[in-house]
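The following exercises are to be worked through with the sequence and the structure at hand. Each task is followed by a solution in steps.

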Amino acid sequence: HHYSIYPLWTTTFPFSPSLVSFEFWISWRRRTATYQLDFSVSPSSNALRYLKVGGGIGWILPKNVDQKLHFPNLRTLSFFTDITGDFEDVHSVLSSCPNIEKMQVEVYCIIKSSSRVNFAHSTISTNDIVHFPRLAQLDIFSEDVPATLRLLGWIRCPILRIFMVMDSRNR
């Protein structure tokens, strides 16, 4: 079999605010398209409790400053940091889920080293803390130490019971 390394098309899935649980995962070996999850039309949901989005799946976030992601009842969140290639979008996602109880984040270095995120020029400061008063478990799989430290600098979780940071290359 011959597989192209370039996606043949882009497929966008609109997010539905009526979803209670949503998992979107495409195997890297079977990928023949670019996949995106579009939150720009429906950026909030009171129904969503579980969200897992695999690596290589783009997130389309609201561009209007009056529209922000808002998932107040989300309890479990699992995602990869290659959301859009902009690490500040990770902060937007985290800020949208104040009642998370369990979170898994995978930090991948998919950006070429010449275009890596420059944290010194980021508009998000270490003062932009995201509070997770219910977060009991946080798992971080990472191959990027500066990005992981930045992520940890944003998070405050007073009742954290289980905490794991692991090099994702050894997974």
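Strands are DSSP runs of E with at least two residues, numbered from the N terminus. The model is a predicted one.

**Exercise 1.** Locate Pro 62 relative to the strands, and decide whether Pro 62 is buried or exposed.

Solution.
1. Strand 5 covers 57-60 and strand 6 covers 76-80; Pro 62 lies in the loop between them.
2. Buried means under 20% relative accessible area.
3. The relative accessibility of Pro 62 is 17%, and therefore Pro 62 counts as buried.

**Exercise 2.** Identify which residues Pro 62 touches, leaving aside those up to four places away in sequence.

Solution.
1. The residues touched by Pro 62 are Phe 39, Ser 40, Pro 43, Gln 67 and Leu 69.
2. For Asp 38, the C-alpha to C-alpha distance to Pro 62 is 8.6 Å, with the two positions 24 residues apart in sequence numbering.

**Exercise 3.** Establish the strand order of the open sheet and determine which strands stand at its edges.

Solution.
1. The sheet consists of 6 strands in the order 2-4-6-7-9-11, with parallel pairing.
2. Strand 2 (21-24) and strand 11 (162-167) each have a single partner strand, so one side of each lacks a neighbour in the sheet.
3. On average, neighbouring strands of this sheet are turned by 5° against each other, direction ignored.
4. Within the sheet, strand 4 (residues 50-53) runs parallel to strand 6 and is joined to it by 4 bridges.
5. Tyr 50 has Thr 76 in strand 6 as its bridge partner.

**Exercise 4.** State which strands helix 2 lies across.

Solution.
1. Helix 2 (residues 145-154) lies across strand 7 (102-107), strand 9 (137-142) and strand 11.
2. Relative to strand 9, helix 2 runs at about 160°.

Conventions
Residues are numbered from 1 along each chain as its sequence is written. This is a predicted model: local features need pLDDT of at least 70, side-chain atom pairs count only at pLDDT 80 or more; totals for chains, interfaces and linings use all residues. Side-chain values use heavy atoms; hydrogens and water are left out. Buried means under 20% relative accessible area, exposed over 50%, partly exposed in between (1.4 Å probe, protein chains only). Contact means heavy atoms within 4.5 Å. Two strands pair if DSSP finds at least two bridges between them. Axes are lines fitted to C-alpha atoms, for helices over the stretch in contact, and angles run from 0 to 180 degrees between N-to-C directions.
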